Amino acid sequence: MKINLSNIKKAKKLLNKNECIAVPTETVYGLAGNAYSSIATKKIFKLKKRPISNPLIVHYNNLQDLRKDCFTNSTFLKLYKKFCPGPITFVLKLKKESKISKYVTNKRNTLAVRFPKHVVLKYLLKKLNYPLAAPSVNISSKLSAVCSSDVKEDFGKKIKFVLEGGRSSIGIESTIIDLTKKPKILRLGGLKINKINRVLKKNIIKDINPSKIYAPGQFKLHYSPGLPIRLNAKKAKDNEAYIILKKTKTIKSNYYFLSKDGSLKEAAKNLYSTLRKIKNSKFKSIAIKSIPNEGLGETINDRLLRASKY
Ligand code: TXA
Ligand code: MG
């Protein structure tokens, strides 16, 4: 993707003034602000209507910058080498001398960090002398945004600027791994768990539905299009939209296909945009045909299950 320098300049100018802007990432669009600024990060919570107790992910351009704020360890370095930049978020221990705003972490001594791959965001991060706190740009518990028009649809003029970056190539949030203790997965996401297992040479523990909530992605209702969802439906009722993994020969007006050939990667990429299309259609409820619970299918099912707690 070609970088539009005047857009980057505008983004930088607003961020330097402690404003929040929407930025593209390869997973989903984010609502970004200077992670070292309490003024900027407070605005993120307000715009998203996000409870202050839910900490934000901070986006870095490189390892050198991360080391100003966090301790790294050997597990982190192995995963970093293999998967960064990319759709993985690490929870690490925060250094005492770090300048990260206390609003980002809600006074925790840990920090969620990510190295985004999107060329536009990477270019912007390089031009800034602070990292960017950026949760997914959606109203809390609602659908995430995978292109600039999604952001405009949800926020209108409330967000001062949306940095254009085309459609997110992965289309679903990053996988979160906690490395502050024994490694564990806190959120399923765009990076498959078996790829992480292969690098660490063990089966990593999943803690995606804990009794104590660490991450909003673990809340029961999340990623919701605001319509009732029926999972594992063999058939759709007349007035229901029907989401099907693989395109079928029969095409009906209520059929929505996530992929041409059953690819789970393509399906993950199309999930939020399909739910958004249905939300904006005449259908008032959604039925989903079962999706294999493996690889990215597990992430898709996780999102659909949470979205169905309507
Ligand atoms: O792909 C992504 O990760 C996107 C893009 C924009 O980077 N961001 C994203 O942010 O999904 P958000 O805020 O919607 O989800 C971040 C998750 C939340 O569930 C939050 O609770 C968790 O990360 N988190 C943040 N800091 C944490 C910490 N110190 N310990 C545990 N979980 C943390
Ligand atoms: Mg989110």
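This report describes the overall build of one predicted chain and then the surroundings of its helix H10.

**The chain as a whole**

The predicted model contains 10 helices and 13 strands. A compact globule of 310 residues would be expected to have a radius of gyration near 19 Å, and the chain agrees with this because its own value is 19 Å. Along the principal axes, the C-alpha atoms occupy a box of roughly 60 × 45 × 35 Å.

Of the 310 residues, 58% are buried. When contacts between residues at least 6 apart in sequence are considered, 67% of them link residues at least 24 apart. The exposed area comes to about 14,900 Å², with 52% of it supplied by carbon and sulfur atoms. The chain carries 67 positive and 19 negative charges, and the mean positions of the two sets lie 3 Å apart.

**Helix H10**

Helix H10 covers residues 296-307. At 1.5 Å a residue, its 12 residues should span 16 Å, and the end C-alpha atoms are 17 Å apart, so the two values agree. The helix is mostly covered, with 10 of its 12 residues buried. Among the buried residues are Leu296, Ile300 and Leu304, as well as the charged residues Glu298, Asp302, Arg303 and Arg306. Gly297, Thr299 and Ala307 are buried too.

The buried residues of H10 pack against one helix and several strands, listed here.

| Element packed against H10 | Residues |
|---|---|
| Strand S8 | 184-187 |
| Strand S9 | 205-206 |
| Strand S10 | 229-230 |
| Helix H9 | 264-279 |
| Strand S13 | 285-288 |

Terms used
Residues numbered from 1 in each chain as written. Chains lettered and ligands numbered in written order. Predicted model: local features only at pLDDT ≥ 70, side-chain atom pairs only at ≥ 80, totals over all residues. Heavy atoms only, no water. Helix = DSSP H or I, 4+ residues; strand = E, 2+ residues; numbered from the N terminus. Rg over C-alpha atoms; globule rule 2.2 N^0.38 Å. Buried < 20%, exposed > 50% of the residue type's maximum accessible area, 1.4 Å probe, protein only. Contact = heavy atoms within 4.5 Å. Areas by Shrake-Rupley, 256 points an atom, 1.4 Å probe, with all protein chains shown as cover. Charge placed at Lys NZ, Arg CZ, Asp CG, Glu CD. Expected span 1.5 Å × (residues − 1).
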